[in-house]
Amino acid sequence: MDRQLSLLFLFSLFFLSIFPHLSRPSSLRFSGWNADKKTKSSVLKLVTGGSSPTIDPTRVTQISWRPRAFIYRNFLTDEECDHLITLAKDKLEKSMVADNESGKSIESEVRTSSGMFLSKGQDKVVANIEARIAAWTFLPKENGESIQILHYENGQKYEPHFDYFHDKVNQELGGHRVATVLMYLSDIEKGGETVFPKSEEKKSQPKGDDWSDCAKNGYAVKPRKGDALLFFSLHLDATIDPLSLHGSCPVIEGEKWSATKWIHVRSFETPSDECRDQNPSCSHWAAVGECEKNPLYMVGSYGSVGHCRKSCKVCS
């Protein structure tokens, strides 16, 4: 536990150097700490003016420094996991990938899952999860994309890839993705591991017959309902990290549900008076009727700007 708290302390110092406003006395609150005396609980509370999300550093384990990756056990409750799945079940579409040259979203056998995007702050549960992600990562909520819910059935996978971009188009809004929070919404009998083929820790991880052959090709994380995996696609100097290459191994038994939050180096929010699409897939989604099927995400509502207003032709 002492080692985990020390790692969190060093991690926090780095982000406080980037976001100095968090160092104000009212910004951070440690429940269970009284002067030099440590009490039973060790919960860090980040006060953001409205809600006050809490994180428990004793449930965070650093699994790799190259790439930088951390596991938070029971980040979500079972009820939160089930709620996210319920929101997505009737709105799933075939997952797309970004073309390395044009930046446009295209279908590919590299990625065979199905998925959909929620809207930011879509309901109280989603808003609380997003606030908790910001508290854990020390990265502003406005730098995050909407949460994407993914569903993998038997044999479905996502081949190893990078979350940072190779094209300029996808960097126009928010810049590179600096970090990814991958939340596991279900348990799975076999397969479906998240694998880092280039991780320097891959040879030190023992694996038995309960791991898939895919998982044995790198450092791997087994999906466990409620757990969250945080990893960084950029180095501390903001250069891309090739060791962040990762993939989702094929599902062998059962089905896999997950939720992904990509976080950028700058704000990913578009001013409300600017008419533009926030996702390269918007034109495709509009063409298949998503403006009518998923209006909250595509078009928006009072107090929430839609992500595909241009393609849905609702700009004034």
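**Sheets, helices and cores of the predicted model**

Strands β11 and β17 (residues 246-248) run antiparallel and are joined by two bridges. Tyr158 stands opposite Ser248 in β17. This pair belongs to an open sheet of four strands, ordered β11-β17-β14-β15, with antiparallel pairing. The edge strands are β11 (158-161) and β15 (219-221), and each pairs on one side only. Neighbouring strands of this sheet are turned against each other by 15° on average, direction ignored.

The model described here is predicted. The secondary structure of the protein consists of six helices and 21 strands. The protein has 316 residues, of which 51% count as buried. Contacts between residues at least 6 apart in sequence were also examined: 71% of them join residues at least 24 apart.

A second open sheet has eight strands. Their order is β4-β5-β16-β12-β19-β10-β9-β6, and the pairing is antiparallel. Strands β4 and β6 (93-94) stand at the edges. Each has a single partner strand, so one side of each is left without a neighbour in the sheet.

At one edge, β4 (residues 60-65) runs antiparallel to β5 (residues 68-72), and five bridges join them. The two strands form a hairpin, with two residues between them. Within this pair, Thr61 has Ile71 in β5 as its bridge partner. At the other edge, β6 pairs with β9 in the antiparallel sense over two bridges. Here Glu93 stands opposite Gly115 in β9.

Strand β10 (residues 148-152) lies between β19 and β9 in the strand order. On one side, four bridges pair β10 with β9 (residues 114-117) in the antiparallel sense. Ser114 has His151 in β10 as its bridge partner. On the other side, five bridges join β10 to β19 (residues 256-264), and these two strands run antiparallel. Tyr152 is partnered there by Lys256 in β19. How far is β10 enclosed by the rest of the structure? Five of its five residues are buried, so β10 is largely enclosed. Gln148, Leu150 and Tyr152 point one way from the strand, while Ile149 and His151 point the other way. Residues on both faces are buried.

Two helices pack on the eight-stranded sheet. Helix α2 lies across β9, β10, β12 and β19, and runs at about 90° to β19. Helix α3 touches β4, β5, β12, β16 and β19. The direction of α3 makes about 125° with that of β12.

The helices also meet each other. Two packed helices are described by the angle between their axes and the distance between the axes. For α2 and α3, the angle is about 120° and the axes are 10 Å apart. The two helices are therefore oblique to each other. Helix α2 passes α3 in a left-handed crossing. In α2, the residues that meet α3 are Glu80, His83, Leu84 and Leu87. Their counterparts in α3 are Val125, Val126, Ile129 and Arg132.

The largest nonpolar core has 34 residues. Leu84, Trp136, Ile149, Met183 and Leu185 have the most contacts inside it. Two or more residues of this core come from each of β5, α2 (78-88), α3 (124-137), β12 (177-184), β16 (228-232) and β19. Another core lies apart from it and has eleven residues, among them Cys282, Trp285, Cys291 and Val299.

Met183 illustrates the contacts of the largest core. Residues up to four places away in sequence are not counted here. Beyond these, Met183 touches Phe75, Leu76, Ile129, Ile133 and Ile147, among others. Its further contacts include Asp227, Ala228, Trp257, Ser258, Ala259 and Lys261.

Lys141 is placed in the loop between α3 and β10. Not counting residues up to four places away in sequence, Lys141 touches Lys120, Glu130, Ala131 and Ala134. How many residues separate Lys141 from Ser267 in sequence, and how far apart are the two in space? They are 126 residues apart in sequence and 8.4 Å apart in space, C-alpha to C-alpha.

Terms used. Residues are numbered from 1 along each chain as its sequence is written. This is a predicted model: local features need pLDDT of at least 70, side-chain atom pairs count only at pLDDT 80 or more; totals for chains, interfaces and linings use all residues. Side-chain values use heavy atoms; hydrogens and water are left out. Two strands pair if DSSP finds at least two bridges between them. Buried means under 20% relative accessible area, exposed over 50%, partly exposed in between (1.4 Å probe, protein chains only). A nonpolar core is a set of buried Ala, Val, Leu, Ile, Met, Phe, Trp, Tyr and Cys residues joined through side-chain atoms within 4.5 Å. Contact means heavy atoms within 4.5 Å. Axes are lines fitted to C-alpha atoms, for helices over the stretch in contact, and angles run from 0 to 180 degrees between N-to-C directions. Angles under 35 degrees count as roughly parallel, over 145 as roughly antiparallel, 65 to 115 as roughly perpendicular and the rest as oblique. A crossing is left-handed if the near helix is turned anticlockwise from the far one by less than a right angle, and right-handed if clockwise.
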